[in-house]
Amino acid sequence: MTQFNDTELTVAVIESLAKTPDPRVKFLLQELVKSLHDYVRKTDLSFDEWHYAIDFLTRTGQKCSPIRQEFILLSDVLGVSMLVDAVNHREREGATETTVLGPFYVGEHPPMPHGADISPGLQGERMFVQSRVTDLAGKPLAGVPIDVWHADDDGFYDSQKASYATEGPSSRARLVTDADGRIFFRTILPCSYPIPTDGPVGEMIVKTQRHPMRPAHVHFLVDAPGYEPLITHVFIGGDKYLDSDVVFGVKDELIATVEPRSDATMPDGQPANGPWHLMTYNFRMKPGQGSAPQPMMPEKEEA
Ligand SMILES: [Fe+2]
């Protein structure tokens, strides 16, 4: 039997991966081993702490479901998601800034026509959203699918509510840009919300005395062929959590002035039926490739 001291052990594990055929996989695994071993050495990790970590990760996995992603949440609150975003988008060259996908890109994003109300029947202040998608030179991009999703007036996504199974999606839709690169729709003004605190990630947030809040925002995923998929949010200006987002996802450029309006009609000429808000935000796409993530889908019952 060969014996290793703690440094020789790291060298031995790295060497054990030397024949990994894919060079990138080999590099990722060897660097992971180095970082993990460094962490254990630096912290003198105890058996109790190691067991706690194993149990925490086990519970994180067990909390995942077809419409809940606790691991993405963990990545988000530890800043890993924003770091991956940062290293992959160092040069935006005038393109719209990106931010985290978040754990709620799930389920159906039903196709909706321009002007549709994507939150019918929901309580909340009304909002009209208008947007235009262009390339970096301002040329409109037509026929581009845009997925939108946001929380409701109580701070919950549709998929967090029991009614999702019977009533399906709300505040969640797919729109396609017209010949001028535009989309527009009605919805409600989302509010700031806590990330889910009923799982191990929420438990960590509470125990570390952080607040669990995210500033109010609407998610957008713009997927134009020939351009890098744009995963971003538009934040509601003035929100009190803009400076302390629990997932570190705010970028100044993504904060929109959402104007209170009292005009009798909305920009598409249809009646407003009361006070409303206007969100206007345009997206500039960076040429490139890449595949957009697909929403996690609930498991369908076997027929
Ligand atoms: Fe969100």
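**Group meeting: Phe104, the iron site and helix 7**

Let me start with one residue: Phe104 is found in the loop between helix 5, residues 80-88, and strand 1, residues 126-134. Before going on, please note that this is a predicted model.

Is Phe104 buried or exposed? Phe104 is buried, because its relative accessible area is 7% and the cut-off for buried is under 20%. Which residues does Phe104 touch, leaving aside its neighbours within four places in sequence? The contacts are Trp149, Tyr157, Ser159, Gln160, Arg172, Tyr193 and Pro196. As for Ala12, 92 residues apart from Phe104 along the chain, the two C-alpha atoms are separated by 41 Å.

Two names in that contact list, Tyr157 and Tyr193, bring me to the metal. The iron ion has as protein donors the OH atoms of Tyr157 and Tyr193 and the NE2 atoms of His217 and His219. These donors lie 2.0 to 2.2 Å from the iron ion. In sequence, the spacing of the donor residues reads Y-x35-Y-x23-H-x1-H.

Where do Tyr157 and His219 sit? Tyr157 is in the loop between strand 2 (145-150) and helix 6 (164-167), and His219 is in strand 7 (residues 217-222), so this pair ties together parts that are 62 residues apart in sequence. Both count as buried: Tyr157 has a relative accessible area of 0%, and His219 one of 2%.

On the geometry, the angles among the four donor atoms run from 92 to 159°. For comparison, the ideal angle for four tetrahedral donors is 109.5 degrees. Why is the site of the iron ion called irregular? Four donors count as tetrahedral only if all angles lie between 85 and 135 degrees, and the range here reaches 159°, so that class is ruled out; the site is irregular.

Now to the helices. Helix 4, residues 70-77, packs with helix 7, residues 200-207, at an angle of about 25°, and their axes are 9 Å apart. Angles under 35 degrees count as roughly parallel, and helix 4 and helix 7 are therefore roughly parallel to each other.

Which residues meet? From helix 4 there are Glu70, Leu73, Leu74 and Val77; from helix 7 there are Pro200, Val201, Gly202, Met204 and Ile205. By class, this contact has seven nonpolar residues, one polar and one charged.

Within helix 7, Pro200, Val201, Gly202 and Ile205 are buried. The buried residues of helix 7 pack against helix 4 and also helix 3 (47-63). Last item: just after helix 7, Gln209 takes a positive phi of about 60°.

Notes. Residues are numbered from 1 along each chain as its sequence is written. This is a predicted model: local features need pLDDT of at least 70, side-chain atom pairs count only at pLDDT 80 or more; totals for chains, interfaces and linings use all residues. Side-chain values use heavy atoms; hydrogens and water are left out. Axes are lines fitted to C-alpha atoms, for helices over the stretch in contact, and angles run from 0 to 180 degrees between N-to-C directions. Helices (H or I, at least four residues) and strands (E, at least two) are DSSP runs, numbered from the N terminus. Angles under 35 degrees count as roughly parallel, over 145 as roughly antiparallel, 65 to 115 as roughly perpendicular and the rest as oblique. Contact means heavy atoms within 4.5 Å. Ala, Val, Leu, Ile, Met, Phe, Trp, Tyr, Cys and Pro count as nonpolar, Asp, Glu, Lys and Arg as charged, and the others, Gly among them, as polar. Donors are N, O and S atoms within 2.8 Å of the metal (3.2 Å for Na, K and Ca); water is not among the atoms, so sites may look incomplete. Four donors count as tetrahedral if all angles lie between 85 and 135 degrees; four count as square planar and six as octahedral if opposite donors are over 155 degrees apart and all others between 65 and 115; anything else is irregular. Buried means under 20% relative accessible area, exposed over 50%, partly exposed in between (1.4 Å probe, protein chains only).
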